[in-house]
Number of protein chains: 2
Amino acid sequence: MKLICSKSNLLKGINVVSKAVPSRTSMAILECILIDASAGQITLTANNMELGITTIIDGDIEERGIIALDAKIFSDIVSKFQENESEVTIETDSSFKTIITCENAKYTIIGKSGEDFSYLPDIEKNDSIEISQYTLKEVIHQTIFSIADQSESNKIMTGELFEIQENNLKVVSMDGHRISIRNIELKESYTPKKVVVPGKTLQEIAKILTDDTEKMVTIYFSRNHIVFEFDQTTVVSRLIEGEYFKIEKMLSHDYETKVIINKRQLLGAINRATPLVKEGDKKPIIMDINQENMELKINSFVGNMKEDIEIKKEGKDIMIGFNHKFFIDALRVIEDEEVSLYMVNPKAPCFIKDLEEKYIYLILPVNFNNV
Amino acid sequence: MKLICSKSNLLKGINVVSKAVPSRTSMAILECILIDASAGQITLTANNMELGITTIIDGDIEERGIIALDAKIFSDIVSKFQENESEVTIETDSSFKTIITCENAKYTIIGKSGEDFSYLPDIEKNDSIEISQYTLKEVIHQTIFSIADQSESNKIMTGELFEIQENNLKVVSMDGHRISIRNIELKESYTPKKVVVPGKTLQEIAKILTDDTEKMVTIYFSRNHIVFEFDQTTVVSRLIEGEYFKIEKMLSHDYETKVIINKRQLLGAINRATPLVKEGDKKPIIMDINQENMELKINSFVGNMKEDIEIKKEGKDIMIGFNHKFFIDALRVIEDEEVSLYMVNPKAPCFIKDLEEKYIYLILPVNFNNV
């Protein structure tokens, strides 16, 4: 194989597919990036068996072939070349010896046979939706914080529900203490679909999506896989098996107290309470809602803090406690200037949601001793 | 005590003195910042017994007094206030209860008696030199990388020699494999001085010095301490006891090979060799100097790399190996476009120095099997 491409194109491709290189594995071939120039184009591929990414890069093929190179070393080498426009030449022989030249430098490393590499599974592409790169990136960002971590025994909570009904995409994540829901209006109507996508896949894909509202992603659904196609890149991920929780049952539209509050003020006040929360000492923040005022307070071993915030209120006064982190996570990703909190009593979940329910954040309260 | 100052002034002061707060200690009082408003001005002080910093901040004293507050909590609280111009009020009572108010927030924390705090030692200030903040910051940056780390049994190598003779300040660091020397011309002549300053002190002081060439630092010398005075800040550090190494004996002016090389090219090539150095596998970079060419090469378990660089040479051809990191460290802090390397043989130190010896970097070579 012999090919020539610019440093910037090559490095861009490496950075994209590297997201599917596992950080630790016992199979050395999985730590590789496959360069496939056996057909008329140059593709880079990485695959950790859960998640696979392939991308096409511009360049000239002087001799067709394939080779697998250690991802870390390959990426280190290419990133050190000085000029973005420099031409990089990659040449291999039948014993997988690979010569990489660029500028004045010449590297010789030993690659692996492309035959040993696990190609991405071939997925039937007949069931798909379209969404902009920006919107997909945003919705991941707005929900990913409330998936359960990998140690969670209930595997389904480590992923996110993607549910399509007509022209609505609903994305849901939950970790046992809170639920995040986003509803997105699609440009077209589609047949109903319901899959659970691994959180890890979504985190990695968010890193390679652009903020461009014009550039689209096509998402294909199959029985066991989901495929994201955008730019020159294809991302294939396994789905998490099993039935997601019945979310609708957990949502209630009744409330005893509704609070309308300036988001920036509330977020600021909660942030200002955090210096008093020491690790391991899980003192809740307490919202004491009284007439047109919320007194936000915390009382920990370190000391206490209080701050008054003006609110609009419907219904009863209430005093209720929360884990500060859950409120910060949700408020950070809401763009509205004012948010509405809906509460029933100090033991029932609080809902932060807008009128059209484009977003719903459910947060369970925390018990507190009277402060 | 009751005092009022702006958030920005207070935070700036906290950030300065925090550099002397120990990260771990068994004495809780050392983790505190002392606020002293017992005289006509507000000073903040932190002291880890090796290094102490005190700074004066602008503000109004409504009631004189002193209090010691946990540095981390105090700093966390103040940094979370929204506006730089916000007024922060700090009020204490006789039981060390401290009320901090700013914007709408009100904190109550328990401080400690200022009486328990270790004030900075009172140093006689009659022997001093002057240097700009920029120059002091630069010279620390240009030498600090070659001090020995704290685990080194020879304590003296964990510090830097500051030696003044007439109008020359010589700063030296060494770690057993290399020596860094910088000579700085001072504006005046001074009586001879020779002290060893802890590396930790220099690292912290470099963080609070500005890049301003007009702003001066006065450095005072006493038997056991060094004092840096600049802006509104005083830094007092213990010195390391004992005699520093006789550097002059280690420097040689004889050479068999002199190489003049473009610094950026050499540094770039060495950087490009690093992807082939794996941790734990200490393969040297080899300079094969031959006529008007340096072939820089490395041969490791991962593969090999070579790069040709044009040079000007006086004297013999030579092939010599080095730890890549030592060359990178030295070349990074040299601003000259071309550097001169002086070598004797593959087992003798290499010198990187300019003609006036404003800088001298000595690097010991590494054995290598023929490559």
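**Exercise 1. How many residue pairs are in polar contact across the interface of chain B and chain A, and which elements of chain B take part in that interface?**

Solution. Start with the polar contacts. In this predicted model, 10 residue pairs, both members at pLDDT 80 or more, are in polar contact across the interface of chain B and chain A. Next, look for the elements of chain B that give two or more residues to the side touching chain A: they are helix H2 (71–79), strand S9 (105–110), helix H5 (263–273) and strand S19 (303–315). Finally, sort that side of chain B by class, which yields 12 nonpolar, 8 polar and 11 charged residues.

**Exercise 2. What area is buried between chain B and chain A, and which three residues of chain B supply more of its share than any other three?**

Solution. Begin with the contacts: 31 residues of chain B touch 31 residues of chain A. Together the two chains bury about 2,500 Å², and carbon and sulfur atoms give 51% of this area. Now turn to single residues. Lys80(B), Arg272(B) and Pro275(B) supply 23% of the area that chain B buries against chain A, more than any other three residues.

**Exercise 3. Which residue of chain A forms a salt bridge with Arg272(B), and where does Arg272(A) find its own partner?**

Solution. Across the interface there are 4 salt bridges. In one pair, Arg272(B) meets Glu103(A), with the closest N and O atoms 3.9 Å apart. The cut-off is 4 Å, so a pair at this distance counts. Now move to chain A, where Arg272(A) forms a salt bridge with Glu307(A), and here the closest N and O atoms are 2.9 Å apart. Arg272(A) belongs to helix H5 (residues 263–273) and Glu307(A) to strand S19 of chain A, so this pair ties together parts that are 35 residues apart in sequence.

**Exercise 4. Do strand S19 of chain A and S9(B) run parallel or antiparallel, and which residue is the bridge partner of Glu307(A)?**

Solution. Follow strand S19 (residues 303–310) of chain A to S9(B): 5 bridges join them, and they run antiparallel. Then pick out Glu307(A), whose bridge partner in S9(B) is Ala105(B).

**Exercise 5. Which strands of chain B pair with S16(B)?**

Solution. Take strand S16 (residues 257–262) of chain B and look for its pairings. With S19(B), S16(B) pairs in the antiparallel sense over 5 bridges; here Val259(B) has Lys313(B) as its bridge partner. With strand S21 (residues 338–343) of chain B, S16(B) shares 6 bridges, again antiparallel, and Thr257(B) stands opposite Met343(B).

Key:
Residues are numbered from 1 along each chain as its sequence is written. Chains are lettered from A and ligands numbered from 1 in the order in which they are written. This is a predicted model: local features need pLDDT of at least 70, side-chain atom pairs count only at pLDDT 80 or more; totals for chains, interfaces and linings use all residues. Side-chain values use heavy atoms; hydrogens and water are left out. Contact means heavy atoms within 4.5 Å. Buried area is the accessible area (1.4 Å probe) that two parts lose on being put together, summed over both. A salt bridge is a side-chain nitrogen of Lys or Arg within 4 Å of a carboxyl oxygen of Asp or Glu. A polar contact is a pair of N or O atoms within 3.5 Å; within protein, one must be able to donate a hydrogen and the other to accept it, and residues adjacent in sequence count only if both atoms are side-chain atoms. Helices (H or I, at least four residues) and strands (E, at least two) are DSSP runs, numbered from the N terminus. Ala, Val, Leu, Ile, Met, Phe, Trp, Tyr, Cys and Pro count as nonpolar, Asp, Glu, Lys and Arg as charged, and the others, Gly among them, as polar. Two strands pair if DSSP finds at least two bridges between them.
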